[in-house]
Amino acid sequence: MKILSSEITSYKFYINRRNFIKSSTASMVASLIPLNSHAFHKDTNINISNQLDKNDKLNTYEEITTYNNFYEFGTAKSDPSNYSKQFKPRPWSISIEGLVEKPGLIDLEDLIKEFTVEDRIYRLRCVEAWSMVIPWQGFSLNRLIKKVEPKSDARYIQFVTVFRPDEMPGQKRRILPWPYVEGLRMDEAMHPLTILSTGMYGHELLNQNGAPLRLVVPWKYGFKSIKSIVAIRFVKDQPTTTWPVTNPSEYAFYSNVNPEVDHRRWSQASERRIGEFKRRSTLMFNGYEEEVSYMYKNMDLKKFF
Ligand code: MTE
């Protein structure tokens with residue numbers, strides 16, 4: 001069933017609905033009910049998946065906030081929730097740099113006031129072959145891009161995570177080259193599925209999930225969804241990104257979810273959905289093929305993995 005973008009649940013309604021669900025006897029089964037299947041983005045008419053598929057159910061708040069990858073706080077899945085309490089995500093500003101007409105510092109609170117925050121329920125598929133279904137709140141990155149007016153030679157965007165070793169104990173160790181950096185091609189960044197997230201399950205993002213602002217790119221492996229972003233740089237050439245620089249034989253720039261291209265050390269054909277016993281098949285582009293495959297039509301996906 002198709003629904004219009006005007007019917008996408010607003011943030012306020014989401015909270016009200018959640019409060020209603022919480023206080024009703026329906027709460028036990030609420031997370032099992034599939035939501036509507038598709039919505040069209042009002043600017044582009046591209047199908048955005050604001051839905052759970054019939055085979056998906058939301059992971060719990062507990063799962064999403066205690067099983068994390070955020071190496072700035074350590075490499076174990078429980079490290080980010082255990083060791084991120086001293087991190088201060090507010091006040092926060094984002095530096096807009098490079099090939100744009102309007103560079104400068106933007107205060108996050110101003111952005112949240114300007115852009116209506118929407119719900120987006122997405123699958124997150126980690127390159128390590130586990131996955132979750134997460135109800136994010138956020139706004140399409142393309143709104144911010146349009147606001148800062150990229151110049152015509154800006155073909156890529158690089159994103160940078162904050163560097164605060166005093167608040168992020170993992171950054172005192174040389175686990176990765178700090179700060180963590182990520183990047184997208186401009187058409188990927190403009191795609192309506194690509195969001196900057198400020199919240200999850202109707203709450204502000206917790207530190208372990210990338211507070212106060214993180215990227216979510218649902219058709220790519222989770223490491224592209226960079227957390228705690230302090231700078232967004234508009235550049236001409238494909239930018240440096242953390243994992244390919246750290247281990248070029250195992251990670252590449254595009255990192256689209258692809259069950260046919262294995263990781264050097266394991267298969268990507270199936271995945272373990274957190275909370276489930278049986279493995280499930282991994283879907284091409286993490287199930288967003290219809291929406292995103294046109295961007296890679298002329299690319300050899302085995303070469304540009
Ligand atoms: N961003 C930063 N700055 N540092 C990280 O270690 N890990 C990535 C990504 N973003 C990471 C990061 C990986 S590997 C994944 S799978 C997702 O965050 C996990 O997001 P989650 O913990 O909110 O599920």
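This short talk walks through one predicted protein model, from the overall fold to a pocket, a helix and some unusual backbone angles.

Before the details, a word on conventions: residues are numbered from 1 along each chain as its sequence is written, and side-chain values use heavy atoms, with hydrogens and water left out. Since this is a predicted model, local features need pLDDT of at least 70 and side-chain atom pairs count only at pLDDT 80 or more, while totals for chains, interfaces and linings use all residues.

Let me start with the chain as a whole, which has nine helices and 15 strands, taken as DSSP runs numbered from the N terminus, with helices being H or I of at least four residues and strands E of at least two. Of its 305 residues, 54% are buried, where buried means under 20% relative accessible area, exposed over 50% and partly exposed in between, with a 1.4 Å probe and protein chains only. If we take contacts (heavy atoms within 4.5 Å) between residues at least 6 apart in sequence, 71% of them join residues at least 24 apart.

Turning to helix 6, residues 141-148, the buried residues there are Leu141, Asn142, Leu144, Ile145 and Val148. These residues sit on the same side of helix 6 because they cover an arc of only 160° around the axis, the arc being that of the directions from the helix axis to the C-beta atoms. As general background, an α-helix has 3.6 residues a turn, so residues three or four places apart point the same way. Just after helix 6, glutamate 149 takes a positive phi of about 55°.

That brings me to the backbone, and here it helps to recall that most residues other than glycine have a negative phi, and most peptide bonds are trans. Alanine 129, in the loop between strand 6 (118-125) and strand 7, has a positive phi of about 75°, and at 7% relative accessibility this alanine counts as buried. Serine 228, in the loop between strand 12 and strand 13 (229-235), has a phi near 45° and is buried, with a relative accessible area of 0%.

Which peptide bonds ending in proline 91 and proline 212 should we look at, and are they cis or trans? The bond from arginine 90 to proline 91 is cis, with omega near -5°, and proline 91 is found in the loop between helix 4 (79-83) and strand 4 (93-98). The bond from alanine 211 to proline 212 is also cis, with omega near -5°, and proline 212 lies in the loop between strand 11 (203-204) and strand 12 (214-216).
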